[in-house]
Amino acid sequence: MKNTNESGRSMVEMLGVLAIIGVLSIGGIAGYTLAMNRYRANEILNAAALVSIAATSAEGGVGNTKNLAELEGVGTMTLPGIETNDDITGYRNGVVKIVVNSDYARAANIVKTLSGDRLTTGSDATCTQGKDCTIYVNVARSVKNGSTQAP
């Protein structure tokens with residue numbers, strides 16, 4: 001009998017490597033999706049804070065409402081999850097109304113989670129796919145202790 005030395009990988013070894021790469025890829029995609037939703041939520045909250053500051057500082061901040069389109073220099077701002085510039089509106093005393101597109105329900109829920117104690121009455125209990133979500137955030141309120149800061 002002739003003894004042959006074969007070099008190379010077996011099919012089982014190759015399938016094992018492929019399975020490991022597949023599991024790592026799925027984990028990476030899930031992490032990327034979570035990071036993007038957090039990014040969208042943070043961008044929405046930052047824009048809401050800008051609108052609130054502009055609304056409360058305009059003409060003394062008494063009864064004035066401003067939206068993204070009315071802020072100088074950000075009239076063309078587009079945010080992931082926000083359909084129009086009228087969907088983020090600042091109200092007196094730093095309370096901001098945010099309407100998040102129905103396609104971004106997870107980002108809207110992260111906005112609510114990040115807002116914590118700053119959510120006010122009128123906010124949707126849970127945001128679901130297929131329905132726009134309305135969130136009211138008091139951006140003048142501190143996240144840590146819930147105390148109201150002077151605007």
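The following paragraphs lead from the overall fold of this predicted model to its core, its second helix, its last strand and its two side-chain links.

The chain has 151 residues, of which 36% count as buried. Its secondary structure consists of two helices and four strands, and from the N terminus on these elements follow the order α-β-β-β-α-β. Among contacts with a separation of 6 or more, 53% join residues that lie 24 or more positions apart. The accessible surface of the chain is about 9700 Å², and carbon and sulfur atoms account for 55% of that area.

The interior is a suitable place to begin. In soluble globular proteins, nonpolar side chains tend to be buried together. In this model the largest nonpolar core has 22 residues, and those with the most contacts inside it are Ile44, Ile82, Ile88, Ile98, Val100 and Ile135. Two or more residues of this core come from each of helix H1 (11–57), strand E3 (95–100), helix H2 and strand E4 (133–138). H1 provides the largest share, six residues. Ile135 shows how such a core residue is surrounded: beyond its neighbours within four places in sequence, Ile135 is in contact with Val96, Lys97, Ile98, Val100, Ala108, Val111, Lys112, Leu119 and Ser123.

Helix H2 spans residues 105–115. Its buried residues are Ala105, Ala107, Ala108, Ile110, Val111, Lys112 and Ser115; this list thus includes a lysine and a serine as well as nonpolar residues. What does the side chain of Ser115 reach? It reaches the backbone oxygen of Val111, at 2.7 Å. Ser115 has 0% relative accessibility and therefore counts as buried. Apart from its neighbours within four places in sequence, Ser115 is in contact with Leu45 and Val137. After H2 comes Gly116, which has a positive phi, near 55°.

Strand E4 also contains Tyr136. Is Tyr136 buried or partly exposed? At 21% relative accessibility, Tyr136 counts as partly exposed, because the buried class is limited to values under 20%. With neighbours within four places in sequence left aside, the contacts of Tyr136 are Val95, Val96, Lys97, Arg118, Leu119, Thr120, Thr121, Gly122 and Ser123. Tyr136 and Tyr91 are separated by 45 residues in sequence, and their C-alpha atoms are 9.8 Å apart in space.

Two side-chain links remain to be described. A search of the whole structure finds one disulfide, formed by Cys127 and Cys133 with their sulfur atoms 1.9 Å apart. Both partners are enclosed by the protein: Cys127 is buried at a relative accessible area of 7%, and Cys133 is buried at 2%. The search also finds one salt bridge in the whole structure. In this salt bridge the side chain of Lys131 meets that of Asp124, with an N to O distance of 3.9 Å. This pair counts as a salt bridge because 3.9 Å falls within the 4 Å cut-off. Its two residues fall into separate accessibility classes: Lys131, at 49%, counts as partly exposed, whereas Asp124, at 18%, counts as buried.

Definitions and conventions:
Residues numbered from 1 in each chain as written. Predicted model: local features only at pLDDT ≥ 70, side-chain atom pairs only at ≥ 80, totals over all residues. Heavy atoms only, no water. Disulfide = S-S within 2.5 Å. Buried < 20%, exposed > 50% of the residue type's maximum accessible area, 1.4 Å probe, protein only. Contact = heavy atoms within 4.5 Å. Areas by Shrake-Rupley, 256 points an atom, 1.4 Å probe, with all protein chains shown as cover. Polar contact = N/O pair within 3.5 Å; in protein donor to acceptor, adjacent residues only side chain to side chain. Core = buried A, V, L, I, M, F, W, Y, C linked by side-chain atoms within 4.5 Å.
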